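Biologist: Please take one strand of this model and go through it closely, starting from a charged side chain and its partner. Then show me how that part connects to what lies around it.
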Amino acid sequence: MARRVGAAGRPGTVERLKVVGPPVAAAAVALALLSGWTAVGGAGTARPVEVRPGWLLLPTAGGAPATAAFFTIRNPGDIPDELTAAGWEFGGRVTLKRHLHQGASGRWEPAAALPVPERGELVMSPEDADLMITNPPPLKVGQWVEFTLSFRNSPQLRVKAEVLPPGGRRGSG
């Protein structure tokens, strides 16, 4: 088979297109597909977090003037998020709190934010993270209380928590 060559002895335009055409076309198709995926929100975008109803520990009579609320926050997106603040229907102070374990004991400290990993969950529990509420009003077992949760990358969410007695707690999931 004879090869076509240009005036200077190099392959002609048609021959060059036969060699570089398929890879260039494949790259163009891939770029178009990736652009479309990004345009519809599929690539590296924040998706709003989701929060299930949680639970709130009923303060014990004569106990410490504080209680805690617990939620499971799911992040279906590819971008990590953070719970940055919380409030509740009664106003007052709600502090994000993280437990620090040191052997068999531990302590807690306020947290500026609680991470919600990409495609993961933040599962609050008495052993890890929670929302500490100081000086709560009188609450009753079975009562539902509304919270507002604020995030770095997601819109604010309103979610309810059921008041449960000590020992009556269950997972927030």
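Modeller: Arg158 counts as exposed, because its relative accessibility is 61% and the cut-off for exposed is over 50%. Keep in mind that this is a predicted model. Arg158 forms a salt bridge with Glu146, and the closest N and O atoms of the two are 3.4 Å apart. This pair links distant parts of the chain, since Arg158 belongs to strand S12 and Glu146 to strand S11, 12 residues apart. Glu146 has a relative accessibility of 27%, so it counts as partly exposed.

Strand S11 is the part to look at. S11 covers residues 144-151, and Trp144 is found in it. How much of S11 is buried? Of its 8 residues, 6 are buried, so the strand is largely enclosed by the rest of the structure. Glu146 is not one of the buried ones, as 27% relative accessibility makes it partly exposed. Trp144 also counts as partly exposed, at 40% relative accessibility.

Now the neighbours of S11. Strand S12 (residues 157-164) pairs with S11 in the antiparallel sense, over 6 bridges. A hairpin of 5 residues joins S11 to S12. In this pairing, Val145 of S11 stands opposite Ala161 in S12. The salt bridge between Arg158 and Glu146 therefore runs between S12 and S11, two strands that pair with each other. S11 has a second partner, strand S5 (residues 81-88), and these two are also antiparallel, with 5 bridges. Here Gly87 stands opposite Thr148 in S11. A general point helps when you follow the side chains: in a regular strand they alternate between the two faces of the sheet.

Go back to Trp144. Which residues does Trp144 touch, leaving out those up to four places away in sequence? They are Pro53, Gly54, Glu89, Lys160, Ala161 and Glu162. Ala161 appears in this list and is also the residue opposite Val145. The C-alpha atoms of Trp144 and Val159 are separated by 9.8 Å, and the two residues are 15 apart along the chain.

Leu149 gives another view of S11. Leaving out residues up to four places away in sequence, Leu149 touches Val51, Ile73, Leu83, Ala85, Ala86, Leu131, Gln156, Leu157 and Val159. Leu149 also belongs to the largest nonpolar core, which has 32 residues. Within that core, Leu56, Phe71, Ile73, Leu131, Phe147 and Leu149 touch the most other members. Several strands supply two or more residues to this core: S2 (54-57), S3 (66-70), S5, S6 (94-102), S8 (114-116), S10 (129-134), S11 and S12. S11 is thus on that list together with both S5 and S12, the strands it pairs with.

Two of the contacts of Leu149, Val51 and Ile73, lead to another sheet. Val51 stands opposite Ile73 in S4. S1 and S4 pair in the antiparallel sense over 2 bridges. Together with S9 they make an open sheet of 3 strands, in the order S1-S4-S9, with antiparallel pairing. S1 and S9 (120-123) are the edge strands, each pairing on one side only.

A salt bridge is found here too. The side chains of Arg74 and Glu50 meet at 2.6 Å, N to O. Because Arg74 lies in S4 (residues 72-75) and Glu50 in S1 (residues 50-51), the pair ties together parts that are 24 residues apart in sequence. Arg74 is partly exposed, with a relative accessible area of 35%. Glu50 is partly exposed as well, with 38%.

How many salt bridges does a search of the whole structure find? It finds 8, including the one between Arg158 and Glu146 and the one between Arg74 and Glu50. Another of them joins Arg107 to Glu109, whose closest N and O atoms are 3.4 Å apart. Arg107 counts as partly exposed, at 43% relative accessibility, and so does Glu109, at 32%.

To return to the starting point: S11 carries Glu146, the partner of Arg158, pairs with S5 and with S12, and gives two or more residues to the largest nonpolar core.

Definitions and conventions. Residues are numbered from 1 along each chain as its sequence is written. This is a predicted model: local features need pLDDT of at least 70, side-chain atom pairs count only at pLDDT 80 or more; totals for chains, interfaces and linings use all residues. Side-chain values use heavy atoms; hydrogens and water are left out. Helices (H or I, at least four residues) and strands (E, at least two) are DSSP runs, numbered from the N terminus. Buried means under 20% relative accessible area, exposed over 50%, partly exposed in between (1.4 Å probe, protein chains only). Contact means heavy atoms within 4.5 Å. Two strands pair if DSSP finds at least two bridges between them. A nonpolar core is a set of buried Ala, Val, Leu, Ile, Met, Phe, Trp, Tyr and Cys residues joined through side-chain atoms within 4.5 Å. A salt bridge is a side-chain nitrogen of Lys or Arg within 4 Å of a carboxyl oxygen of Asp or Glu.
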